[in-house]
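Subject: the model I promised you

Hi,

Here is the structure I said I would pass on. Have a look at it first, then read my notes underneath.

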Amino acid sequence: MALPQPTHRAQLYYDGRCPLCSREMAFLRRYKNAGLTLVDIHQLLQLSDAEQAQMLRNLHLQMPDGSWHFGVDANVMAWSFTPIGFLWKPLRWKIWSNFVDRIYQRWAERRYCRTYACHLLQGVK
């Protein structure tokens, strides 16, 4: 993937054309510290169409060490850069993390398909 190289900040990649995503990023932007950068995927000109489509399917967070977190993990990790990050930590508790992940993945695929007219969920409304 042709993403930028890791920096000294974590980078959260999100879909800036998604109204819900944009609202959450506006809220996150208000509370985050300097250790997190928010990046609208549509501003990454170096991505191929296939790479962009992959990135738009769910949240991606790249840590300064180059490691990646996706989906709910990316969201929880991004909020850890705020004073209220502790509120998201229960989403990763083993008792319900699998359930939360399934719900997020279903929502993310549906959101992607509705916005970008994919064919993956044909017949699902």
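Below is what I found in it, going from the overall layout to single residues.

Some ground rules before that. This is a predicted model, in which local features need pLDDT of at least 70 and side-chain atom pairs count only at pLDDT 80 or more, while totals for chains, interfaces and linings use all residues. Residues are numbered from 1 along each chain as its sequence is written, and side-chain values use heavy atoms, with hydrogens and water left out.

**Layout**

The chain has 4 helices and 4 strands, in the order β-α-β-α-β-β-α-α from the N terminus. (Helices are DSSP runs of H or I with at least four residues, strands are runs of E with at least two, and both are numbered from the N terminus.) Of the 125 residues, 38% are buried; buried means under 20% relative accessible area, exposed means over 50%, and partly exposed is in between, with a 1.4 Å probe and protein chains only. About 7,600 Å² of the chain is exposed, and carbon and sulfur atoms supply 58% of that. Those areas come from the Shrake-Rupley method with a 1.4 Å probe; for residues, only the protein chains shown count as cover.

Contacts reach a long way along the sequence: among those between residues at least 6 apart, 62% join residues at least 24 apart. A contact here is heavy atoms within 4.5 Å.

**Cores**

The largest nonpolar core has 20 residues, and Leu12, Met25, Leu28, Leu36, Leu38, Leu59 and Leu61 have the most contacts inside it. (A nonpolar core is a set of buried Ala, Val, Leu, Ile, Met, Phe, Trp, Tyr and Cys residues joined through side-chain atoms within 4.5 Å.) At least two residues each come from β1, α1, β2 (36-40), α3 and α4, with α3 giving the largest share, 5 residues. Methionine 25 touches Leu12, Tyr14, Leu38 and Leu59, leaving aside neighbours within four places in sequence. There is also a second, separate core of 9 residues, Tyr13, Val39, Met55 and Leu56 among them.

**Helix α4 and its salt bridges**

α4 (97-116) is worth a look. Its 20 residues should span 28 Å at 1.5 Å a residue, and the end C-alpha atoms are indeed 28 Å apart; the expected span is 1.5 Å times one less than the number of residues. Its buried residues are Ser97, Val100, Tyr104, Ala108, Glu109, Arg110, Arg111, Tyr112 and Cys113, and what covers them includes α1, α2 and α3. After the helix comes alanine 117, with a positive phi near 55°.

The whole structure has 4 salt bridges, each a side-chain nitrogen of Lys or Arg within 4 Å of a carboxyl oxygen of Asp or Glu. Arginine 111 pairs with aspartate 15, with the closest N and O atoms 2.7 Å apart. That joins helix α4 to the loop between β1 (10-14) and α1 (19-31), across 96 residues, and both partners are buried.

Arginine 57 and glutamate 109 form another, with a closest N and O distance of 2.9 Å. Here the loop between α2 (49-56) and β3 (60-62) is linked to α4, 52 residues apart. Arginine 57 counts as partly exposed because its relative accessibility is 22%, whereas glutamate 109 is buried at 19%.

Aspartate 73 and arginine 92 also meet in a salt bridge, 2.7 Å from N to O, joining helix α3 to the loop between α3 and α4, 19 residues apart. Both are partly exposed: aspartate 73 at 35% and arginine 92 at 22%. Asp73, Arg92 and Asp101 are linked in a network of salt bridges.

**Two more spots**

What does asparagine 58 contact, leaving aside its neighbours within four places in sequence? Phe70, Gly71, Tyr104, Gln105 and Ala108. Asparagine 58 is in the loop between α2 and β3 and is buried, with a relative accessible area of 18%.

On the surface, Trp93, Ile95, Trp96, Phe99 and Ile103 make a nonpolar patch of about 590 Å². (Patches take residues with over 30% relative accessible area and no salt bridge, joining like charges within 9 Å and nonpolar side chains, meaning Val, Leu, Ile, Met, Phe, Trp and Tyr, within 5 Å.) Tryptophan 96 sits in the loop between α3 (71-79) and α4 and is partly exposed at 38%.

Cheers
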